[in-house]
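The following exercises concern helix packing and charged side-chain pairs. Each task is followed by a solution in steps.

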Amino acid sequence: MRKWAMGMGAGLLLAVGAGQAMAATPPSAEQVRELMQIFSVDKMFGQMNAQMAGIMGQQLPCVPASYWQGFVDANGVKELTERMIPVYQRHFSADEVAGLLKFYRSPLGQKVIKEMPATMAEGMQIGREWGQQRAQQMLAELQKQGKLDAQGRCAATGAAKPQPLQGK
């Protein structure tokens, strides 16, 4: 009876371990590519390229804008996508990617994909405004406590004041 119980216990441990291993099966490269296609990653890379082209054009005005426009071309998108596949495979299981594919193919999932860029942009703007207001409140509080002077610099602490620069 005891051997039977030990055998059952070992069997249960193996079954649980095997079940966990099966649940953690990484998604196939094709599943990840499909998910990235649904997310319109190629369009995101195109937008990223346009932003980068604008920045590079300002930093290096001697280089024609046309050079930067094709920096992330179709081959670049494919290469970058292939490099991202292992990231998804490390962070998601095959079952999870299958669930994501099901969701993002649904009408709600399509709405999330469509609305998320605007939602994130508006959220970032709100976050910037909040951060500025919060920083102003904190500076005012520190000035009120005497820790900062009217210019927002550390108030004198009794240490020797810096000498003015000669010749100025």
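**Exercise 1: Packing of α3 and α5**

Helix α3 (residues 41–59) packs against helix α5 (residues 74–91) at an angle of about 115°, with the axes 10 Å apart. The coordinates belong to a predicted model. Determine the handedness of the crossing of α3 and α5, and state which residues make the contact.

*Solution.*
Step 1. The crossing in which α3 passes α5 is right-handed.
Step 2. On the α3 side, the contact is made by Val41, Asp42, Phe45 and Met48; α5 contributes Val77, Leu80, Thr81 and Met84.
Step 3. Sorted by class, this contact of α3 with α5 comprises six nonpolar residues, one polar and one charged.

**Exercise 2: Orientation of α2 and α6**

Classify the mutual orientation of α2 and α6, and describe the residues through which α2 and α6 meet.

*Solution.*
Step 1. Helix α2 (residues 29–38) and helix α6 (residues 94–105) have axes that come within 10 Å and cross at roughly 25°.
Step 2. Angles under 35 degrees count as roughly parallel; α2 and α6 are therefore roughly parallel to each other.
Step 3. The crossing of α2 and α6 is left-handed.
Step 4. From α2, Gln31, Glu34, Leu35 and Ile38 meet Ala94, Val97, Ala98, Leu100, Leu101, Tyr104 and Arg105 of α6.
Step 5. By class, the contact of α2 with α6 has eight nonpolar residues, one polar and two charged.

**Exercise 3: A salt bridge from α2 to α6**

Identify the salt-bridge partner of Glu34, and assign an exposure class to Glu34 and to its partner.

*Solution.*
Step 1. Side chains of opposite charge can pair when their charged atoms come close.
Step 2. Glu34 forms a salt bridge with Arg105, and the closest N and O atoms are 1.7 Å apart.
Step 3. Glu34 lies in helix α2 and Arg105 in helix α6, so that the pair, 71 residues apart, links distant parts of the chain.
Step 4. Glu34 has 26% relative accessibility and therefore counts as partly exposed; Arg105, at 47%, also counts as partly exposed.

**Exercise 4: Further salt bridges**

How many salt bridges does the count give, and which residues are linked in a network?

*Solution.*
Step 1. The count comes to six salt bridges.
Step 2. One of these joins Arg83 and Glu79 at 3.1 Å, N to O; both residues lie in helix α5, four residues apart, about one turn of the helix.
Step 3. Arg83 counts as exposed because its relative accessibility is 60%, whereas Glu79, at 44%, counts as partly exposed.
Step 4. Asp149 and Arg153 also meet in a salt bridge, at 3.5 Å from N to O.
Step 5. Glu30, Arg33 and Glu82 are linked in a network of salt bridges.

Definitions and conventions. Residues numbered from 1 in each chain as written. Predicted model: local features only at pLDDT ≥ 70, side-chain atom pairs only at ≥ 80, totals over all residues. Heavy atoms only, no water. Axes fitted to C-alpha atoms, helices over the stretch in contact; angles between N-to-C directions. Helix = DSSP H or I, 4+ residues; strand = E, 2+ residues; numbered from the N terminus. Left-handed = near helix turned anticlockwise from the far one by under 90°. Contact = heavy atoms within 4.5 Å. Nonpolar A, V, L, I, M, F, W, Y, C, P; charged D, E, K, R; others polar. Parallel < 35°, antiparallel > 145°, perpendicular 65-115°, else oblique. Salt bridge = Lys/Arg side-chain N within 4 Å of Asp/Glu carboxyl O. Buried < 20%, exposed > 50% of the residue type's maximum accessible area, 1.4 Å probe, protein only.
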